[in-house]
Amino acid sequence: MAVVVAVALLSAAALGYEILLIRLFSIILWHHFAFMIISLALLGVGASGTFLVFARRWLEPRFHRAFAGFAAAFGLSAVACFALARRVPFNPLEVVWDLGQQAALLQIYLLLALPFFCAATCVGLALSRFRERIGAIYRADLLGAGAGASLVLLALFVLAPEDYLRALGGLGLAAAAVIAFAGPGSRWPAGLLAALALAVPFAWPGDWIAPQPSPYKGLSVALHAPQARVIAERSSPLGLLSVVESPAVPFRHAPGLSLTAKAGPPPQLGVFTDGDGLTVITRFDGTFAKLAYLDQQTAALPFHLLRRPRTLILGAGGGADVLRALYHAARQVDAVELNPQMADLVRRDRGGFAGRLFQAPGVRLHIREARSFVEASGQRWDLIHVGLLDSFTASAAGVLALKESALYTVEAFEAYLARLEPGGILAITRWLRVPPRDSLKLFATAIAALEGLGVAAPGERLALIRSWNTATLMVKNGPLTAEDAAAIRRFAEARSFDVSYYPGMAPEEANRFNRWREPFLYDGTAALLGPGRERFLEDYKFHIAPATDDRPYFFRFFKWRLLPEVLAIRGRAGMTLLEGGYLIVAATLAQAAIVSTLLIVLPLAWIGRAEGAAPGTPGRGRVVVYFLALGLAFLFVEIAFIQRFVLFLGHPLYAISVVLAAFLVFAGVGSGYAARFAEHRVAARMRPISLAVAGIILFAGVYLALLPALFGWLMPEPAPVKILVSVVLIAPLAFFMGMPFPLGLRRVADEAPRLVPWAWGVNGCASVLSAVLASLLATHVGFTVVVALAMGLYGIAALAFAR
């Protein structure tokens, strides 16, 4: 019993630590660097299998002391290694070119791998020592991990990330105390560990472990201004919000502001999410004359074609787009914001400064994920505006390349257009780069959406204008008229904006004010509307084919054939062509594969040859194939289903917590039932592994076919109903997914016990590879194919142990 409890506690701590590190490094660096660092640090799980192959015979007789020692080491190193890792001088923007930065990155890998190595060694040792209880131990591992995944997401609403890091260290020490108390001999080590579990979390100095954003992120740059300071912070799983006041060098955040504008914005407070992604809270005292700058941005164009529109703002942020709608006398404004803490900053904490903007007459605030709000709503609007909330720096550096977004897919555009009144307008503003990427991809997406809705001539409903750093796309629910075209020309010429497309536009109207070497946007829109669209998409320097719900990576623009050009001109303009996020994750996969081979496969293969195998024993090759396939397939399914449920549940936090916890908990239930399942006469006659795999393939296949229609039907239901439906849907699939690992490991334990650590290490290695590989595959072939590949991998696993 003590072993099961200790494994559950340690697994909860380890998975909580993994999720927490992703949050911490998202603040310190960017999301894709966090993904890369944690993925490679998790190779400590695989390396633990290698270690146990060599040390198993010495550790098993000393099980309680060894388990307690490694669990205590996890508790201490979880905090200490992060404290050391954040002090490694690392510039992520130079890591592709600079060997020194690559060496610094290696230091971070090794430091963060140590806690995972310690935790995985404990679990692997328990599986090896108590081979007759593999199902119960693996169940405790999964149930603990499920609890840890749910707990960390809830705890981050009330605790700062560094405070929860302390708590996880204490949880590791608590696991050590539990196992030490159950062991033979004196009880004083258990008492000491229990005391440490209570005391150590409070002993770590806060400035040792508090996350500090990279000097290259927007927050760090803003704080270099004289007298600039952080006046408030709010932390949650959705991000760390930092409110910055800069009286000496005021914020002047007005994306796309005309270079001929006679006035700028009033005083503003900058709000950074995870040290980047600037939005602003603008001082508003009820005097609209002070907001004239809002009519000097490209995003103001729709208000010159519509009179007092009922407006939906997707991504309210600090409220600038809401102010623009009110400035243009919108008769009703619905503002949708994902982060409740952001809304509270504008509504309460800085409500006086913002003029009680979100409580203004005619303004309704909705705390929801934008796309799911639109899907579930039965309302219609005259104008739907998608806000510009990511930073220009992040966009230009390509750090969003593997960030999923349901806002910019073909299906999203179709949903927006379905919620427009006849003659209504969808408007989307994006940062502008040269050569253009975002704007052309938006244009291509709008064409695909209109064609999907049966519009024969999509070009009659589209318009695109640009300033010096933003572009605004308009999609009308109906053809643009001659009056609309005249209004677009007047608006653009009065503000020195460039018209890039409207129906009937003459070529000489393009590229007049903010001049480029060539009229890239006009030429691109013409190609996308012409008969050579597919050839243009194929030949264009960047990937600008429309994103879909199955491949929701709007910000992925990188093409591999561009890499030689980037490398050739990296000392000049190469960085402007580089999509760093994609390349970094691709490099992570290569590094993980190499390190996995060196640290796990080769040493374990050498040990396996030295031992040999008895007749009828699963061969080493089949053991590797089986556990490698399981490790890859499990996370393929898990990651794909998290993505599928984000839109249905209406919030990424709900999707991660509900889907992850449900998969882990019900897989734990399935693993605990695996032994009894194998003894059932039907399962025994049909081979239990094959039957479990058949259940996985059946449910996964049915869900691939039916979930989109089912989600569409249930979208209007309240959140508790949708959460319950999600759990019910996941339960049978996860139940069967929990069986193959303990069934296979039990067979290995019975017939070749020394291969148990090998199997554990290979499975850990595969889990690391699968997280990275699933994301890369999804960008190219979509999540449907990822799930289909997982089904194939489960089939390969069943065949590997068929004899």
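**Fold, confidence and charged pairs in the predicted model**

Of the 803 residues of the protein, 61% count as buried. The model is a predicted one, and its secondary structure comprises 30 helices and 12 strands. The protein exposes about 30,000 Å², of which carbon and sulfur atoms supply 63%. Among contacts between residues at least 6 apart in sequence, 77% join residues at least 24 apart.

A word on confidence is useful before turning to individual residues. The average pLDDT of the protein is 85, and 89% of the residues score at least 70. Among the elements, strand E8 (residues 381-386) has the highest mean pLDDT, at 97, while helix H15 (residues 392-397) has the lowest, at 44. Over residues 392-399 pLDDT stays under 50, and the model has 25 contacts beyond four places in sequence for this stretch. Residues 612-617 also stay under 50 in pLDDT, with 6 contacts beyond four places in sequence.

Cysteines come next. A disulfide is a covalent bond between the sulfur atoms of two cysteines. The structure holds 0 disulfides. For Cys122, the closest cysteine sulfur belongs to Cys118 and lies 7.3 Å away, which is too far for a bond. Cys122 counts as buried, because its relative accessibility is 1%. Cys765 is likewise buried, with a relative accessible area of 4%.

Charged side chains offer a richer picture, with a count of 26 salt bridges. One of them joins Arg495 to Asp295, whose closest N and O atoms are 2.7 Å apart. This pair links distant parts of the chain: Arg495 sits in helix H18 (residues 482-495), whereas Asp295 belongs to the loop between strand E4 (276-282) and strand E5 (310-314), 200 residues apart. Both Arg495 and Asp295 are buried.

Lys290 forms a salt bridge with Asp285, again with the closest N and O atoms 2.7 Å apart. Here Lys290 is partly exposed, at a relative accessible area of 48%, and Asp285 is partly exposed as well, at 49%.

A further pair lies within helix H28 (residues 740-751), where Asp750 and Arg746 are 4 residues apart and therefore separated by about one helical turn. Their closest N and O atoms are 3.4 Å apart in the salt bridge. Asp750 is exposed, with a relative accessible area of 54%, while Arg746 is partly exposed, with 32%. Finally, Arg56, Glu60 and Arg131 are linked in a network of salt bridges.

Conventions:
Residues numbered from 1 in each chain as written. Predicted model: local features only at pLDDT ≥ 70, side-chain atom pairs only at ≥ 80, totals over all residues. Heavy atoms only, no water. Helix = DSSP H or I, 4+ residues; strand = E, 2+ residues; numbered from the N terminus. Buried < 20%, exposed > 50% of the residue type's maximum accessible area, 1.4 Å probe, protein only. Contact = heavy atoms within 4.5 Å. Areas by Shrake-Rupley, 256 points an atom, 1.4 Å probe, with all protein chains shown as cover. pLDDT = per-residue confidence, 0-100. Disulfide = S-S within 2.5 Å. Salt bridge = Lys/Arg side-chain N within 4 Å of Asp/Glu carboxyl O.
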